[in-house]
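Welcome! Please have a look at the sequence and the model below, and then walk through some of its features with me.

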Amino acid sequence: MKASMEIEQCIDELLEGPPYSQSPEQHQSGLLALLKKELAYACQKNARFRNYVNHWSMDFHAANRVADLPFLPVGVFKLDPPLALVEASEVKRTLASSATTGQVPSRVVLNAATARRMTKGVVAIIRDFIGPARRPYLVIDTPENMTAQAQLGARAAAIQGLASFATEVACCLRSDPQRESSLDLETLLDCAAKWKETEVLVYGFTHVIWTQLVEPLQRKGTTLGSPNVHVLHSGGWKRLEQQSVTREVFINGAASVFGCSVDRIIDYYGMVENVGVVYPDCEHGNKHVPAFADVIVRNPLTLAPVAAGERGLVQVCSVLPTSFPGFLLLTEDLAEVIGYDGCPCGRRGTHFRFAGRVPKAEVRGCGNLDTTRNRDLRWSSEA
């Protein structure tokens, strides 16, 4: 109990501070110490996880940097039942990644404390980009994805994660009896007129915004005249790239139909396994690591951390989850490290850009990872 209370206090201190002000040295030392405590806690709570950690190449207590700590392949969260550090009675919600037909989604379990931190983490990050004020929230999705459920998909989780910014909420897509969605133009135009002079938060999956809103409005020649929107979007780039819709085309198209400047169209990366941490683009096109998380880009062959200017596999790190061992996860996304400090936007620490997925990774919205490499992972039930 004492260890869990100490961990809780350390996490809260990080969440309450500014997310991007720490020097790389301060960030590394604080995160390393807390992650060691969380690994020890997780080993006490789950015998399978303890067995995995005990077979790591070095004792994590002796690690001198976050990159030396034992990480999991993210595909382990496709196991059924989901890997957990809490009893089933403590689980308040399960998050599931999006998945194509026939694919197994990743699932992570949240207890009350982890769910609370998830919301606080997202809010701390997003307010650094759009400000802390609450405002009308336009969701480019159907009302069904705003409904609280025991198990949430990736889209619903992303939508609800931004609800803390909302003074009121409107959804501008509707579903037909076959569950196909389409633009509710009347609702959209009503919101645009009502909120014309107001700061507005807009969110949707990238491909949904493009196919369900931008393209229909472009065909009609309609501009919403909403210069004060911040349009946040995530996921779905692979599908748009297959249609030759580049980032520049998307940003310019979205800005054109909303009637706002291009710097108000903000792409961010997130995944359900990395709860409470999202990576928006700054004005220089870089994604940044907050105080309560880290990103390590590893050479695909050696798994050693790469130098600035090099590409590799993305490992995400976070101190926020304590209901499942999502502290250190190797994904199958690719990224390039732009620098380990000194982004012109003023945010301290590691900044990077995503460079796609490894070949043969399945196409879906987010949390999208091929698990072929992880099929031989075995969990021992021995204590």
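Is Arg247 buried, partly exposed or exposed? With a relative accessibility of 36%, Arg247 counts as partly exposed, given that buried means under 20% relative accessible area, exposed means over 50%, and partly exposed is in between (1.4 Å probe, protein chains only).

Before going on, a word on the model. It is predicted, so local features need pLDDT of at least 70 and side-chain atom pairs count only at pLDDT 80 or more, while totals for chains, interfaces and linings use all residues. Residues are numbered from 1 along each chain as its sequence is written, and side-chain values use heavy atoms, with hydrogens and water left out.

**Around Arg247**

Arg247 belongs to helix H9, residues 247-258. Helices (H or I, at least four residues) and strands (E, at least two) are DSSP runs, numbered from the N terminus. Leaving aside neighbours within four places in sequence, Arg247 is in contact (heavy atoms within 4.5 Å) with Trp237 and Asp267. The side chains of Arg247 and Asp267 are joined by a polar contact of 3.1 Å. A polar contact is a pair of N or O atoms within 3.5 Å; within protein, one must be able to donate a hydrogen and the other to accept it, and residues adjacent in sequence count only if both atoms are side-chain atoms. Val231 is 16 residues from Arg247 along the chain, and their C-alpha atoms are separated by 14 Å.

**The largest pocket**

H9 also helps to line the largest pocket, where H9, strand S11 (265-269) and strand S17 (351-357) each supply at least two residues. This pocket holds about 570 Å³ of space. Its lining has 22 residues, and those nearest its centre are Asp281, Cys282, Glu283, His284 and Gly285. By class, the lining has eight nonpolar, three polar and eleven charged residues. Here Ala, Val, Leu, Ile, Met, Phe, Trp, Tyr, Cys and Pro count as nonpolar, Asp, Glu, Lys and Arg as charged, and the others, Gly among them, as polar.

**Enclosed spaces**

On a 1 Å grid over the protein atoms alone, a cavity is a set of points where a 1.4 Å probe fits but cannot get out, and a pocket is an open set with protein on both sides within 12 Å along at least five of seven lines; lining residues have an atom within 4 Å of a point. Grid points are joined across faces, edges and corners, and a volume is the space filled by probe spheres set on the points. How many cavities of 30 Å³ or more does the structure hold? There are three, and the table describes two of them.

| Cavity | Volume | Lining by class |
|---|---|---|
| Largest | about 260 Å³ | 15 nonpolar, five polar, no charged residues |
| Second largest | about 100 Å³ | eleven nonpolar, three polar, one charged residue |

The largest cavity is lined by 20 residues, and Ala157, Ala158, Tyr268, Met271 and Val278 are the closest to its centre. Helix H4 (112-130), helix H5 (154-161) and strand S9 (200-205) are the elements that give two or more residues to this lining, and H5 gives the most, with four.

The second largest cavity has 15 lining residues, with Ala192, Trp195, Val200, Ser226 and Val229 closest to its centre. Helix H6 (185-194) and S9 each supply at least two residues of that lining; H6 gives the most, with three.

**Helix H3**

In helix H3 (residues 47-54), the residues Phe49, Asn51, Tyr52 and Val53 are buried. The buried residues of H3 pack against helix H2 (24-45) and strand S1 (72-73). At the N-terminal end of H3, Asn46 acts as a cap, with a side-chain oxygen 2.9 Å from the backbone nitrogen of Arg48.

**Backbone details**

The peptide bond from Asp80 to Pro81 is cis, with omega near 5 degrees, and Pro81 sits in the loop between S1 and strand S2 (93-96). Ser244 is not a glycine, yet has a positive phi of about 65 degrees. Ser244 is in the loop between helix H8 (237-242) and H9 and counts as exposed, at 61% relative accessibility.

**Cysteines**

How many disulfides does the structure hold? The count is zero, where a disulfide is a pair of cysteine sulfur atoms within 2.5 Å. For Cys43, the nearest cysteine sulfur is that of Cys317, 16 Å away. Cys345 is in no disulfide either, and the nearest cysteine sulfur, that of Cys343, is 3.6 Å away.
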